[in-house]
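Colleague: I am new to this structure and would love a close look at one part of it. Could you pick a spot, walk me through it, and then show me how the rest is put together?

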Amino acid sequence: MCLVIAASIRSCALLLEAVEEKIWKVPPHYTHPSDLLFFAWLLPLVLLLSVPTESEKDRFFYWASAFQIALLLVLFSYFAFGGFRFLRPQTALDSGNKAFIAFLAAKFVVAIVAGLRWWSKPRSASVRQFFAVAFIATSVYAVTSLTYNVIALSYPHASLHWAWLLSLAELTLISLAVHLPPVRHNNSRSSTQDLLVSVLDHGAPVALPIAAGVMSVLIAPAYFFVSLASTSISLGVFAIQTIRVQVRYRESQSSMAALHTQLQDLALTDPLTGIGNRRGYDIHLVQAWEWAAQSSRSFALLVIDIDHFKILNDLFGHHEGDLCLRAVSHVLVSVSRNKRDYISRYGGEEFAFILHDVDADKAEKVATRICRAIEALQFRNKTPIGDIVTVSIGIAASCDANSPTELFQLADAALYQAKSTGRNRVSKSRIPLTTIPLPEAGQGVSSSYQVH
């Protein structure tokens, strides 16, 4: 679409030039409106050359770039023709020479930038295809225009015989716009091409205000207020672009931070029960150990195992097993005293419970509450010790261990002691190990305990 618009503007320029010469009979030393169109047909190409190819797309930057390009067209009109006063004798600005130099510079600059964009190999095949077409068309236009103008300046009477050169660019552009080459997959890029893409993407928005500033300086001696106004407007638009970039950057950073937190939470959460997982347990155990060392206080680790969980899965199915794991995790959460306590699913049917600022005796009371609360669920199971789900718990206090690993080993050994002595009980890690028996499953809840 951009190429078609550019070709259409150039076609209008050629048609207007013919009308000026054959119908309006505009003298050669007068300013011609078609000359401005010959410059303007490059602007649709400049628009796409001036926006990032691989950065985040933002419609605002397209509109801002289009505004800057329109401002450049106004400045060029003042630079080359003394404003928009066409069909009049040339002004004191000597517009013929200035227009020729400005035309020539703009053509080659656009061709070079398009070539750099093409050579940098953008990831998008369609974008790379566009830059290839733009480079070929603008290169043909720059070379043929230079050739024709040199001939016209050197041999004025022979210039009409070489006017066909000016049509080559238009024919090339229309041909390429209609018959685009097939899209090919992008090849690997070198580090130099990656760097070039980054430089062009970040430098393109800056190029237009710089170009407007240069043009403003050139017309300042004759049109000071126009130069001042255009410079102020161009800098204002660029400032808005910069502010928007900073705002979007901060929003992006905030979104990335929130996403990082969310991903971190997901990485440390067991998807079935919603409590912590093994990785979260490892992290919090080390943190609890460091806290205990710094504060000279102790904490306890409870390792909890659902009794005969395999029988439950075999008899009632894995769905019932999942419901049981969720129910047990809910009980553990309800028993936790504050946000510092950490509960995790250590693996399978095993849970780990980190209790801050307690010794083994206080942890024993919490563990007993857990056993009673799980019995109160009356979750069905057919086991040698009863018809409901029960748990065995091993307890170890940080003051009895020399490292987090040893603390877990002590709690795990206590759990083994609880399971080997009949299950549905709490065992504290001591020398020697002691076991606190509980009533057999199915015998009801003692009145001395309350389930919260």
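**A loop residue and its surroundings**

Modeller: Happily! Let us begin at Asp357, which sits in the loop between strand 3 (350–356) and helix 13 (360–377). Please keep in mind that this is a predicted model. Asp357 has a phi near 60°, a positive value in a residue other than glycine. That is worth a pause, since most residues other than glycine have a negative phi. As for its cover, Asp357 has a relative accessible area of 32%, so it counts as partly exposed.

Another loop offers a companion case. Lys121 is found in the loop between helix 5 and helix 6 (125–154). Lys121 is not a glycine, yet its phi is positive, at about 55°. With a relative accessibility of 24%, Lys121 is partly exposed.

From Lys121 we can turn to helix 5 itself. Helix 5 (residues 95–119) supplies three residues to a nonpolar patch, the largest share of it. This surface patch covers about 330 Å² and is made by Phe108, Ile112, Leu116 and Val143. Ile112 belongs to helix 5, and its relative accessible area of 51% makes it exposed, because the cut-off for that is over 50%. There is a general point that helps when you look at a helix: an α-helix has 3.6 residues a turn, so residues three or four places apart point the same way.

Now for the opposite situation, residues that are covered. In helix 2 (residues 33–40), six of the eight residues are buried, so this helix is largely enclosed by the rest of the structure. The buried ones are Pro33, Ser34, Leu36, Phe38, Phe39 and Ala40.

Next, let us see how helices pack. Two packed helices are described by the angle between their axes and the distance between the axes. Take helix 8 (residues 191–219) and helix 9 (residues 224–267): their axes come within 8 Å and cross at roughly 170°. Helix 8 and helix 9 are therefore roughly antiparallel to each other. On the helix 8 side, the residues that meet helix 9 are Pro205, Val206, Pro209, Ala212, Ser216, Val217 and Ile219. Their partners in helix 9 are Phe224, Val226, Ser227, Ser230, Thr231, Ser234 and Phe238.

Ser216 is a good residue to zoom in on here. It lies in helix 8 and is buried, with a relative accessible area of 1%. Setting aside neighbours within four places in sequence, Ser216 is in contact with Leu75, Ser227, Ser230 and Thr231.

A second pair of helices is arranged in another way. Helix 10 (residues 278–295) and helix 14 (residues 404–420) pack at an angle of about 110°, and their axes are 10 Å apart. Helix 10 and helix 14 are therefore roughly perpendicular to each other. Tyr281, Leu285 and Trp289 of helix 10 make the contact with Pro404, Leu407 and Phe408 of helix 14.

Finally, step back to the whole chain. It has 14 helices and eight strands, and buried residues make up 44% of its 452 residues. Among contacts with a separation of 6 or more, 70% join residues 24 or more positions apart. The accessible surface of the chain comes to about 23600 Å², with 63% of that belonging to carbon and sulfur atoms.

Conventions: Residues are numbered from 1 along each chain as its sequence is written. This is a predicted model: local features need pLDDT of at least 70, side-chain atom pairs count only at pLDDT 80 or more; totals for chains, interfaces and linings use all residues. Side-chain values use heavy atoms; hydrogens and water are left out. Patches are made of residues with over 30% relative accessible area and no salt bridge: like charges are joined within 9 Å, nonpolar side chains (Val, Leu, Ile, Met, Phe, Trp, Tyr) within 5 Å. Accessible areas come from the Shrake-Rupley method with a 1.4 Å probe; for residues, only the protein chains shown count as cover. A salt bridge is a side-chain nitrogen of Lys or Arg within 4 Å of a carboxyl oxygen of Asp or Glu. Helices (H or I, at least four residues) and strands (E, at least two) are DSSP runs, numbered from the N terminus. Buried means under 20% relative accessible area, exposed over 50%, partly exposed in between (1.4 Å probe, protein chains only). Axes are lines fitted to C-alpha atoms, for helices over the stretch in contact, and angles run from 0 to 180 degrees between N-to-C directions. Angles under 35 degrees count as roughly parallel, over 145 as roughly antiparallel, 65 to 115 as roughly perpendicular and the rest as oblique. Contact means heavy atoms within 4.5 Å.
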